[in-house]
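Student: Could you take me through one part of this structure closely, in a single connected account? I would like to follow one stretch of chain and see what can be said about its surroundings.

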Amino acid sequence: MPIRMQEQQFGLAFRKQTNIATANTEAQMWRLRKTNAQLPIPTLQTESDAAEYGKGHPYAEQVFLTAWRSGGTLEKYLSAEIAAWAMAFGLGKVVKSGTSPNFTYTCTPLNPTAGDPDELPYFTAVAQIRPGGTPAADYAVIGCAVNSWQITLGSGPSRENSKITIEYVGSGRFNQPSGITLPTTLTEKFLSNGSLTFSAHGTDYIATRRLLTLEAGWQNNLMVDQGYYPGSGSQNGAAVSGRILFGVQAATLKFRAMMDQPTPEIQRLQNQTEGTATLTLTYDVNNSLSITYHRAVVRSIEFTEADGFAVVDCEIEPLYHSTNGILTAVAKCNVDNIGA
Amino acid sequence: MSERVQMRAPWGEVIEVEATVEALSPLMAHGWHQVTEKEDIDNANQDAGAAIRSGVQEAN
């Protein structure tokens with residue numbers, strides 16, 4: 001019997017695992033809506049002996065199991081809850097304050113130079129299709145870490161114009177069946193594009209009504225293959241990862257704005273003017289996301305057109321600030337213990 | 001006024017600061033982390049473990 005992909009259930013742990021190999025518990029899971037169909041079902045990597053000598057011919061005689069791979073991409077409309085989750089798990093360092101309904105998560109990137117861990121918090125993802133009895137799919141994917149997140153804001157009246165894309169990588173470990181019954185779908189507070197405030201280098205892009213699109217991202221460049229070291233572990237005869245170190249991290253920020261008289265970004269690029277940049281999305285006083293880039297310069301600008309109007313594509317380079325680091329994100333929502 | 005949180009330095013010092021971007025960013029960027037209830041319990045358990053171990057040594 002054919003299975004429709006919308007039958008799938010997707011779960012994500014909002015608390016961190018105690019270590020890379022220990023799955024989150026059922027009580028630590030969210031069931032989430034998402035806009036992409038992909039599920040994080042583990043894949044088994046194999047190799048044949050075709051290239052080996054001694055068989056008397058150049059063809060394969062046997063296939064060997066080598067390693068389990070897991071992970072996936074989560075695409076969602078942006079909410080206060082998933083924003084807080086992405087900041088906590090994607091940046092790695094969290095300070096929680098506030099009480100219900102106003103939990104506040106202040107998040108910054110981990111800094112191993114200052115003694116922080118070089119591994120991000122791990123979480124479990126659950127992929128299910130017709131769970132229970134004889135499921136079509138029922139996996140708990142263990143030891144996942146956020147490789148990147150990207151917030152994309154566009155112009156238009158639909159939810160499509162405020163989205164987040166999260167890429168994550170798993171250790172290859174999994175439980176099948178998951179042993180987890182997902183709760184009801186999380187009620188999320190949508191952070192609409194219309195709620196954005198954005199200023200950079202002293203310019204309020206909302207007051208001038210020039211802004212058309214904005215993208216803010218974070219990249220951890222996870223060193224996935226490096227985790228399959230001698231002794232990293234195995235499951236069902238194939239290797240699994242024992243650690244997922246992050247590589248060279250980078251923040252990205254770019255926007256498209258209508259040209260102005262004069263267009264201030266030109267001078268800022270030429271002069272490499274330094275300043276701060278801050279974006280904030282708000283549902284209400286208890287549900288919001290704010291990201292502050294402590295030191296930013298214009299990296300590039302490109303003039304083009306959109307809908308018949310002259311526009312400028314501006315790429316901001318977030319720089320390291322010796323006191324405050326590269327960025328600070330403050331996410332508010334009514335879920336306790338995110339990333340804890 | 002913002003809530004206050006306890007932060008621990010890499011060298012162990014604990015201070016209480018307002019939970020604002022301005023107060024937390026310089027600390028978080030330089031290895032400070034929040035003192036959590038769980039951490040307090042872990043430290044207490046370690047202290048208790050140390051006390052028990054010294055007691056055992058004396059008995060020997």
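**A close look at one helix, then one strand**

Tutor: In this predicted model, helix α1(A) is mostly covered, for 12 of its 12 residues are buried. The buried residues include A80(A) and E81(A) at the start of the list, W85(A), M87(A) and F89(A) further along, and G90(A) and L91(A) at its end. The length of the helix can be checked as well: at 1.5 Å a residue, the 12 residues of α1 (residues 80-91) of chain A should span 16 Å, and because the end C-alpha atoms are indeed 16 Å apart, the expectation and the model agree. Just after α1(A) comes G92(A), which takes a positive phi of about 105°.

Elsewhere in chain A, strand β11 (residues 197-200) has two faces to consider: F198(A) and A200(A) form the covered face, whereas T197(A) and S199(A) form the uncovered one. In a regular strand the side chains alternate between the two faces of the sheet. On pairing, β11(A) joins strand β17 (residues 275-284) of chain A in the antiparallel sense over four bridges, and there F198(A), from the covered face, stands opposite L279(A). β11(A) also pairs with strand β12 (residues 203-204) of chain A, again in the antiparallel sense but over two bridges, and here S199(A), from the uncovered face, stands opposite D204(A). The hairpin of β11(A) and β12(A) has two residues between the strands, and in it H201(A) takes a positive phi near 50°.

Definitions and conventions: Residues numbered from 1 in each chain as written. Chains lettered and ligands numbered in written order. Predicted model: local features only at pLDDT ≥ 70, side-chain atom pairs only at ≥ 80, totals over all residues. Expected span 1.5 Å × (residues − 1). Buried ≥ 20, exposed ≤ 12 C-beta atoms within 10 Å, placed from the backbone. Pairing = 2+ DSSP bridges.
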